[in-house]
Amino acid sequence: MPLLQAEDLILGYNSHVIVDRLNFKVEKGDYLCIVGNNGSGKTTLMRTILGLQDPLGGKILFGDGLKKNEIGYLPQQNEIQKDFPASVEEIVLSGCQGRCGLRPFYSSAEKALARENMTKMGIEHLSKKSFFRISGGQKQRVLLARALCATRKVLLLDEPVSGLDPQGTSEMYELIDSLRKEGVTILMISHDIDAALTYSSHILHIGAEVFFGTKDEYLKSRAGKKFLLSKDEEDQ
Amino acid sequence: MIDKLYTYLQYPFVQRALIVGVLIALCSSLLGVTLVLKRFSFIGDGLSHVAFGAMCVATVVGVSNNMLIILPVTILSAIFLLRGGKHVKIKGDAAIAMISVASMAFGYLIMTVCSTSSNLTGDVCTTLFGSMTILTLRVRSVWICFILSILVITVFILFYNKIFAVTFDEDFAVSAGTNADRYNLLLAVVIAVIIVLAMNLCGSLLVSALIIFPALSAMRIFHSFKSVTIFSAVLSVICAFSGMIISILTGTPVGSTIVAVDTGAFLICYLIGLIVRRD
Ligand SMILES: Nc1ncnc2c1ncn2[C@@H]1O[C@H](COP(=O)(O)OP(=O)(O)O)[C@@H](O)[C@H]1O
Ligand SMILES: [Mg+2]
């Protein structure tokens, strides 16, 4: 049984269909890149997997002992509330909230976990800083540390490098890759097809043409060739 | 001046009023950040108008304690507005605008038509801006305010981490298994209680100021949720206390005096924020 499986999934808002009949599966340890043009429904897919919205049809199956709340999530940058007074430490610790149930305060084990994840992401020295006064790359690390507090199994990353400079971008990719090597399954939305082809094991392409398969299959597919070509033209 | 204050402070009812005033100020500052930054801001404003309508009805009906009417009505409206505003943002806003304007209109209408009071304008003014002095608070109201304040503070402390998680990033909280709907409901109810409490201190038109000013001031200087929460609570208590003392000494209306002090504090914090920000 795969970790995650979509069966004839139909995505959309208020009965307006955006993606029709999507089928794909994610095995433990996979690195799935979700690509497609702007507005093709990538974020909608993530939100549906997370249970933030219901699919219009079809279903998402969880297997291999994965529970719905064991999926960590890195939202798209612009979805975080601006100007909210919050320190790095508070945000990372809030990743443990899902474990608390009705317990009002964090345990010392949870505080230690938060500290450990901050160290791992290299943001320990920022712990008292305001979230809105650190750089874009640092913000993404904070949110990644928070997601790691919620789970060690699956991470959904929505355009984790958008708005980062080239150095921040490559650091972010390395960080994600190191997590994957530790056994975290990764689902990443990306605009950056080159990175997708460098790091991922599988590609899900959504849009007018839908493709799901391994990276090598993607390179040979019609959807892949077309998308790569259009990206090349964009670059020129 | 000092003598006058000293004489006043001898009276138990003055002491009671001061204690309750301070507690109410503390409560109303607690959810300031949530109200400023989350979509709850419009609910807060709408609710204070609903509370005005309920207060008018309560005055006309002449129940022994008008909290008995105002509290349930405001809480129910809070739940209703939260449900309405949840999915369709624009419709939710329109509903709130309608409800708040309608409650104001009906409240005033009922007051004018049914009230037997000889001092109608005075009554309406009190409902809108709070009473001239807090010393007119009745003993029973003082007790209810006291208990509700303690309740609000306890709930806030117990749910502090959850309130942070849900207000900072609701989507993430939900995806990690937190039941955000439940806590949003809790927040709406607590906000309703706070608004009703604060109305006793400064009337329905000034309620928002009492709730929002301390948080806005604190956010000028501090940048973590904890420090902002603590500072705004302390600031709110200081402002309310000095406001009440000034009001007793000079005979100015208590609600507006407190809000004036709050405004002054905001300006000071604003300036401090400008200076500190440079580093
Ligand atoms: N809350 C919403 N209500 C209705 N339609 C939406 C909503 N959010 C996004 N959409 C629409 O769904 C489509 C897909 O959006 P999205 O999943 O964000 O695309 P992507 O992440 O691939 O850029 C877009 O056409 C967008 O206009
Ligand atoms: Mg998107």
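A residue counts as buried when its relative accessible area is under 20%, as exposed when that area is over 50%, and as partly exposed in between, using a 1.4 Å probe and protein chains only. This is a predicted model, in which local features need pLDDT of at least 70, side-chain atom pairs count only at pLDDT 80 or more, and totals for chains, interfaces and linings use all residues. Residues are numbered from 1 along each chain as its sequence is written, chains are lettered from A and ligands numbered from 1 in the order in which they are written, and side-chain values use heavy atoms, with hydrogens and water left out.

**First stop: Ser208 in chain B**

Select Ser208(B), which sits in helix α12 (residues 207–221) of chain B; helices here are DSSP runs of H or I with at least four residues, strands are runs of E with at least two, and both are numbered from the N terminus. Because its relative accessibility is 17%, Ser208(B) counts as buried. Contact means heavy atoms within 4.5 Å, and, not counting residues up to four places away in sequence, Ser208(B) touches Asp45(B), Ser48(B) and Phe213(B). Now add Ser28(B) to the selection: the C-alpha atoms of Ser208(B) and Ser28(B) are separated by 9.1 Å, although the two residues are 180 residues apart along the chain.

**Second stop: two helices against α11 in chain B**

Colour helix α2 (residues 12–30) and helix α11 (residues 180–202) of chain B, whose axes come within 9 Å and cross at roughly 140 degrees. Axes are lines fitted to C-alpha atoms, for helices over the stretch in contact, and angles run from 0 to 180 degrees between N-to-C directions. That angle makes α2(B) oblique to α11(B), since angles under 35 degrees count as roughly parallel, over 145 as roughly antiparallel, 65 to 115 as roughly perpendicular and the rest as oblique. The crossing of α2(B) with α11(B) is left-handed; a crossing has this name if the near helix is turned anticlockwise from the far one by less than a right angle, and is right-handed if clockwise. Show the side chains and you will find Gly21(B), Ile24(B), Cys27(B) and Ser28(B) of α2(B) in contact with Ile194(B), Leu197(B), Ala198(B), Asn200(B) and Leu201(B) of α11(B). By class, this contact has six nonpolar, three polar and no charged residues, where Ala, Val, Leu, Ile, Met, Phe, Trp, Tyr, Cys and Pro count as nonpolar, Asp, Glu, Lys and Arg as charged, and the others, Gly among them, as polar.

While α2 of chain B is in view, pick out Val20(B), which is found in that helix and which, at 3% relative accessibility, counts as buried. Leaving aside its neighbours within four places in sequence, Val20(B) is in contact with Val142(B) and Cys145(B).

Next, keep α11(B) and add helix α4 (residues 40–61) of chain B; their axes come within 10 Å and cross at roughly 50 degrees, and the two helices are therefore oblique to each other. The crossing of α4(B) and α11(B) is right-handed. On the α4(B) side, the residues that meet α11(B) include Phe40(B), Leu47(B) and Phe52(B), while on the α11(B) side they include Asn184(B), Ile191(B) and Met199(B). The residues of this contact divide into ten nonpolar, three polar and no charged.

**Third stop: the magnesium ion**

Which protein atoms are the donors of the magnesium ion (ligand 2)? They are OG1 of Thr43(A) and OE1 of Gln76(A), lying 2.0 to 2.6 Å from the ion; donors are N, O and S atoms within 2.8 Å of the metal (3.2 Å for Na, K and Ca), and water is not among the atoms, so sites may look incomplete. The pair links distant parts of the chain, 33 residues apart, with Thr43(A) in helix α1 (residues 42–50) of chain A and Gln76(A) in the loop between β5 (71–74) and α2 (88–94) of chain A. Both Thr43(A) and Gln76(A) are buried.

**Last stop: chain A residues to inspect**

Select Ser15(A), in the loop between β1 (4–13) and β2 (16–26) of chain A, where phi is near 65 degrees, a positive value in a residue other than glycine. Most residues other than glycine have a negative phi. Ser15(A) is exposed, with a relative accessible area of 65%.

Finally, go to Gly98(A) in helix α3 (residues 97–100) of chain A, which is partly exposed, with a relative accessible area of 27%. Leaving aside its neighbours within four places in sequence, Gly98(A) is in contact with Ala176(B) and Thr178(B).
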